[in-house]
Protein chains: 4
Amino acid sequence: VDPVVSRLLISCPDRAGIVAATSTFLAQRGANIVSSAQHTTDPGGGRFLMRMEYVLERDDRRGRTLGDEFEREVGEPFAMQWRIAPSVPRKRVAILASREDHCLLDLLWRWRSGELPAEIVLVASNHEQAGEQAARFDVPFLHVPVTADTKAEAEETLVAALRTEHVELVVLARYMQILSGEFLERVGCPVINIHHSFLPAFVGAAPYRQALDRGVKIIGATAHYATEELDAGPIIEQDVERVDHRYGVQRLAEVGQDIERRVLARAVRWHLDDRVLLDGSKTVVF
Amino acid sequence: VDPVVSRLLISCPDRAGIVAATSTFLAQRGANIVSSAQHTTDPGGGRFLMRMEYVLERDDRRGRTLGDEFEREVGEPFAMQWRIAPSVPRKRVAILASREDHCLLDLLWRWRSGELPAEIVLVASNHEQAGEQAARFDVPFLHVPVTADTKAEAEETLVAALRTEHVELVVLARYMQILSGEFLERVGCPVINIHHSFLPAFVGAAPYRQALDRGVKIIGATAHYATEELDAGPIIEQDVERVDHRYGVQRLAEVGQDIERRVLARAVRWHLDDRVLLDGSKTVVF
Amino acid sequence: VDPVVSRLLISCPDRAGIVAATSTFLAQRGANIVSSAQHTTDPGGGRFLMRMEYVLERDDRRGRTLGDEFEREVGEPFAMQWRIAPSVPRKRVAILASREDHCLLDLLWRWRSGELPAEIVLVASNHEQAGEQAARFDVPFLHVPVTADTKAEAEETLVAALRTEHVELVVLARYMQILSGEFLERVGCPVINIHHSFLPAFVGAAPYRQALDRGVKIIGATAHYATEELDAGPIIEQDVERVDHRYGVQRLAEVGQDIERRVLARAVRWHLDDRVLLDGSKTVVF
Amino acid sequence: VDPVVSRLLISCPDRAGIVAATSTFLAQRGANIVSSAQHTTDPGGGRFLMRMEYVLERDDRRGRTLGDEFEREVGEPFAMQWRIAPSVPRKRVAILASREDHCLLDLLWRWRSGELPAEIVLVASNHEQAGEQAARFDVPFLHVPVTADTKAEAEETLVAALRTEHVELVVLARYMQILSGEFLERVGCPVINIHHSFLPAFVGAAPYRQALDRGVKIIGATAHYATEELDAGPIIEQDVERVDHRYGVQRLAEVGQDIERRVLARAVRWHLDDRVLLDGSKTVVF
C-alpha cells in the first residue's frame with residue numbers, strides 16, 4: 001500500500017529555530033519530509049508560514065499521538081497555529097450551482113477522472129436541471145428553490161444538509177445567490193467562490209457586461225474564499241484571456257467560462273491538497 | 001523606391017454599400033488595397049468602422065486631389081467621418097517622462113532600431129536626469145520642473161514646446177504629473193498614457209502597493225488615451241504577468257516595468273500605424 | 001427571422017481591384033457586408049486571401065443564382081478559388097475519440113450549450129466507454145475496435161459511416177489511432193486533430209513524457225488539419241501553460257488536458273465559422 | 001547594516017532526516033532560515049535538492065568555519081553535494097554580444113537600476129558597436145573579431161580575459177558565434193545562453209524564419225545553460241507570445257526580442273540569486 005502523506009501547516013511569529021524544531025520533531029518519529037515550503041510575510045518581524053508534507057515510515061501507532069506531542073514540544077513553545085491534514089480520508093465536498101452548469105460539470109468530470117482528491121457528497125442548486133448532471137455522476141442532489149421571500153429558509157435548508165453530510169468544503173460553482181454572513185458562519189467550513197471577473201475589477205453583477213462597456217482588452221476570473229463582503233475574500237487563483245473589439249457580451253461569457261472552469265478547478269485542488277494558507281485577507285499558495 | 005502606403009480610416013452609420021463604394025473609388029484611381037479591416041459596433045444599426053491600407057500605383061498626381069474627390073463621391077453621401085493618413089512623413093512624437101526611465105529608454109531604443117515609425121522630436125521631463133537618455137539618442141531635451149505652485153506655468157511651457165515642434169502624438173512614459181483637462185485640450189493631439197495597473201483595477205496612486213494589499217495573483221499594465229478623468233480614457237492595450245506571495249512591492253514594480261514597457265510600445269506603434277479607431281469611450285484596434 | 005449570414009471565401013493571385021469587384025458585386029445584389037478580412041501572403045506578388053460575411057437583405061431568389069453569377073463576373077476574371085459557405089444549415093460533424101474522453105465531453109458540452117454551431121451526427125471510438133458520453137448527449141455512437149490486424153477494415157467501417165452521415169468535418173478528439181493517407185483521402189472532408197504538444201516540438205508518441213525529459217518550462221497543445229505526414233499538417237491554433245519541476249508526467253497530462261480542450265474547441269469553432277483558410281502548409285485564421 | 005543572506009544549496013540521495021539535520025545545524029549556530037524550498041526528483045528513491053536562505057544573527061566569526069563544520073557534521077554523513085553561496089560580494093559577470101544589442105542593453109539597464117545583483121565587469125563582442133553601449137554604462141569593453149580562420153584564437157582571447165577578470169558567470173546575450181566545448185570547459189564558470197525559439201522547437205539557425213515557415217501561432221525564447229551540444233543544455237526559463245499570419249519574419253523577430261529580453265533577464269537573475277539547481281540535464285528553479 002502507498003504510505004499516507006500528511007501535511008503539517010504552521011503559522012506563527014517568525015523567529016530562529018522553527019524549521020529545526022519542526023523537522024527534528026518529525027525526524028525523531030521516522031517521518032520523511034517529502035516536500036516543504038515556507039514564507040515569511042515580513043523579514044523584519046512578520047509571520048512565518050510553512051507547509052511540510054511527510055510520510056510516516058516506521059510506526060503507525062506513532063501517528064495517533066503525534067498531534068498531542070507536537071503541540072507540547074513545538075506548537076506551544078513557538079506560539080503556533082498549526083494543523084495536521086492527512087491526505088486520507090479525502091475531504092467531503094459539496095458543490096452549489098445555479099442555471100449555468102459549466103463549472104459544475106467540469107468539477108464532476110475532474111473528480112471522476114481522479115484529478116480532484118475529494119469525496120463529492122452533495123450537489124445542491126436552486127435550479128432543478130443541475131440534478132441531471134449530479135445523477136450522471138451518481139452524486140446525491142438537493143433542489144433548494146430560492147425566492148426573495150424564502151432566502152433565509154433556503155439557507156437554513158442548505159446549512160442543515162451540509163452539516164448532515166459533514167461537508168468540509170463548499171464550492172460555489174457559479175451559484176448565483178448571495179449567501180449571508182450568517183450562512184458562512186454557520187456552515188462551519190471554508191467556502192470557495194468563482195467570480196467571473198479579474199477582481200478587484202468588476203465587482204458585483206454582470207461583470208462581462210461591465211468589461212464590455214469599459215473596453216478592456218483582457219478578461220479574467222477569480223477564485224476566492226467567500227466572506228461576508230461580496231467579492232472581497234482572499235484570492236486563491238486568477239487567470240485571464242485576451243479579447244478584442246469583436247467580442248460581444250455573449251462571446252465574452254463563453255471565453256470567460258473557459259477561464260472560470262480552470263481557475264475554480266485549480267483553487268479547489270490546491271485547497272484539497274492543503275496548499276492554501278491564509279495571511280490576513282490574502283492567501284499564500286504553496 | 002518603395003511605394004507609399006496610405007491608410008484610409010472611416011467611421012459612419014452602418015448601411016449596405018460602404019465597402020463597395022470605397023473600394024471602387026480606390027480601384028478607379030489605381031490604388032491597390034493591401035490590407036483591410038472593418039467592424040460594425042452593432043449589427044442592428046450601429047456604427048461602421050473601417051481601415052484600408054492602399055498603395056497608389058499609377059498617377060502620383062491623383063493622390064493630391066484624392067481627398068477632395070473622396071469627400072464628394074463617398075464621404076459625404078455616406079455621412080462619413082474619415083481621414084487619410086499617409087505612412088510618410090512619419091508622425092512627430094514627444095515623450096514626457098519623470099524619474100523612472102524604463103519606458104523612456106525602451107521607446108528610444110525601439111525607435112533607433114527602426115521598430116517605431118516616428119520622428120521623436122522632443123523628450124521633456126520634470127527630472128533633469130531624463131536628459132541623459134535623450135542626449136544618448138540625440139533627441140532635444142526640455143527640463144520642465146513642476147511644483148504645486150508652478151503647475152499651470154509648467155503646463156504652459158510644455159504646450160508651447162509641443163506646439164512649436166508640431167507634435168502629433170504625446171507619449172506619457174511614466175510621467176507622474178497629472179495633466180489638466182485644459183492641457184489635454186490645448187495640446188491639440190492625442191496623448192497616450194501608461195498606467196501601471198490592469199485598469200479598471202487600482203486606479204490612482206501606488207497601484208503596485210494596492211495590488212499587494214489586495215493579494216492579486218496577476219498584475220498588469222494599461223495603455224490608454226489620456227482624458228480629463230484620471231485613468232478612465234479609452235484603453236488601447238493591456239497585458240499581465242503572474243506573481244505570487246513572495247513578491248513584495250519592489251519586485252511587483254520590477255515585474256510591472258517589463259509589462260509597462262511592452263504594453264506602451266505596442267500602443268504607440270499601433271497608433272503610429274493608424275490602427276486605433278475610437279468607438280465612444282472604447283478603442284477598436286485593427 | 002434572423003437573416004442568414006453567408007461567408008464568401010476567396011484565394012487568388014494578388015492584384016488591384018479585387019475588393020472593389022467583389023464588394024460591388026455583392027452591393028448590386030443588396031448584400032450588406034457585415035465583416036471582412038483580407039491578407040496578402042507577399043506584398044510583392046503573392047496570393048490574396050479574403051473572407052467576407054454578408055447578409056442578403058432584399059431578394060431571396062437572388063441567392064440561388066448568386067454563385068453562378070459570381071463565378072462569371074468576378075471569380076473567373078480574377079482566377080479565383082472561391083466558395084460561398086452559408087451559416088445555415090450547420091455543418092455535419094463527427095467526433096472520433098479513444099479512451100481519454102476530456103476533449104469529447106468538452107466538445108459535446110459546448111455543442112449542447114450553443115457555443116458550437118454544428119450538427120454533431122456521430123461519435124465513433126475504438127473504446128466502448130465513449131458510447132456513454134455520446135448517449136448522454138443523444139448522439140449516435142459507433143464502436144469500431146481496432147487491432148493491428150483489423151486496421152484497414154476499421155478504417156473502411158469508419159469511412160462508410162462518415163459518408164453515410166454526409167459528414168463535413170471530422171474531429172479527432174484524442175483519437176489515438178494513426179489514420180492512413182488513404183483514409184484521409186477517402187473521407188472527403190477536412191479532419192482536425194489535437195496533438196498534445198506545442199508542435200513542432202515533441203512530434204509522435206508520449207509528448208508529455210518527452211516534455212518532462214527535456215525539462216521544458218511551458219507545455220502546449222496544437223490543433224491542426226490532419227495530413228498523411230504525422231503531426232505535420234497546417235496548424236490552426238496553439239496554446240500553452242507554464243509548468244515547473246514539481247510536475248510529473250501525470251500532472252503534465254492533467255494540465256495538458258485543459259490546454260487540449262480549449263485549443264481544439266477554438267479550432268473547431270473557427271472552422272465551423274469558415275474562418276480558416278489554407279495558405280500552402282499554413283493557415284490564415286480570420 | 002543589513003545582515004548578509006547566505007544560501008545553502010544541497011543535492012543528495014533522498015532519505016529521512018536531511019531537513020532536520022540541516023536546519024538543526026543552522027539553528028545551533030544562530031542562523032535564521034528565511035526561505036526554504038526542496039524537491040525530490042523521485043519519491044521512490046531519487047535525489048533530494050534543497051535551497052535554504054539563512055541569516056547569521058549572532059556571531060560573525062562562526063560563518064568562517066561553518067563550511068568545514070557542515071561538511072563534517074551533515075554533508076559527509078548524507079553524501080551531499082553542497083555549497084554555500086553568500087549574497088555578498090555579488091557575482092562577477094561578463095556579457096558577450098554581437099550585432100543585435102537589445103539583450104545587452106536590457107541587462108545593462110536592469111543592472112544599473114538595481115534589479116540584477118551582480119558586478120558586470122566586462123562586455124565583449126565581435127562587433128565594435130557593442131562598445132558604445134558598454135561605455136554608456138561605464139563597463140570595460142573588449143572587441144574580439146572572429147572569422148572562420150581566427151575562431152580558436154578569438155576563444156583564447158576571450159578565455160584569457162574572462163579568467164583575468166575572475167568572471168563567475170558568462171551571459172551570451174545573442175552572441176552569434178558558436179562556442180566550442182573546449183571553451184566552455186576552460187572558461188570554468190556557468191554560461192547562460194538565450195536561444196530565440198521555444199526549444200526544442202527550431203534548434204539552430206534562423207528560428208524565426210523556421211517558425212514562419214511552419215506556421216506556428218505562438219513563438220518563444222529559451223534561456224539555458226550552454227553545453228557542447230548546440231541548444232541542448234538545461235533549460236532555465238522560457239516564455240512565449242501569440243502571433244498570427246500577418247507577422248512576417250521581421251515582425252516575428254521584433255516580438256521575439258521582447259520575449260528574449262525578459263526570459264534572459266529572469267534566468268540571469270535567478271542564477272545570481274542561486275535559485276537554479278541542476279537535476280541531470282534539467283533545472284530546478286526554486
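In this predicted model, strands β5 (residues 91-97) and β6 (residues 118-125) of chain B run parallel and are joined by 7 bridges. Within this pair, L96(B) lies opposite A124(B) of β6(B). Helix α3 of chain B, residues 102-112, packs on the sheet. The helix touches β5, β6, β8 (169-173) and β9 (191-195) of chain B. The direction of α3 makes about 160 degrees with that of β6(B).

The sheet of chain B is open and has 7 strands. Their order is β7-β6-β5-β8-β9-β10-β11, and the pairing is mixed. At the edges stand β7 (141-143) and β11 (235-242) of chain B. Each has a single partner strand, so one side of each is left without a neighbour in the sheet. From one strand to the next, the twist averages 20 degrees.

In chain D, strand β10 spans residues 218-225 and contains H224(D). The relative accessibility of H224(D) is 2%, so this residue counts as buried, the cut-off being under 20%. Beyond its neighbours within four places in sequence, H224(D) contacts V191(D), I192(D), N193(D), H195(D) and L199(D). Its contacts also include D231(D), G233(D), P234(D), I235(D) and I236(D).

Chain D superposes on chain A after a rotation of 180 degrees, with 0.0 Å of shift along the axis and an RMSD of 0.0 Å. That is the relation of a two-fold axis. Of the interface residues of chain D, 100% are also interface residues in chain A, so the copies meet through the same surface.

Confidence scores accompany the model. The ipTM is 0.94 and the pTM is 0.95. Chain A has an average pLDDT of 94, and 97% of the residues score at least 70.

Methods:
Residues are numbered from 1 along each chain as its sequence is written. Chains are lettered from A and ligands numbered from 1 in the order in which they are written. This is a predicted model: local features need pLDDT of at least 70, side-chain atom pairs count only at pLDDT 80 or more; totals for chains, interfaces and linings use all residues. Side-chain values use heavy atoms; hydrogens and water are left out. Copies are superposed by least squares on the C-alpha atoms of residues with pLDDT of at least 70 in both. Contact means heavy atoms within 4.5 Å. pLDDT is the predictor's confidence in each residue, from 0 to 100. Helices (H or I, at least four residues) and strands (E, at least two) are DSSP runs, numbered from the N terminus. Buried means under 20% relative accessible area, exposed over 50%, partly exposed in between (1.4 Å probe, protein chains only). Two strands pair if DSSP finds at least two bridges between them. Axes are lines fitted to C-alpha atoms, for helices over the stretch in contact, and angles run from 0 to 180 degrees between N-to-C directions.
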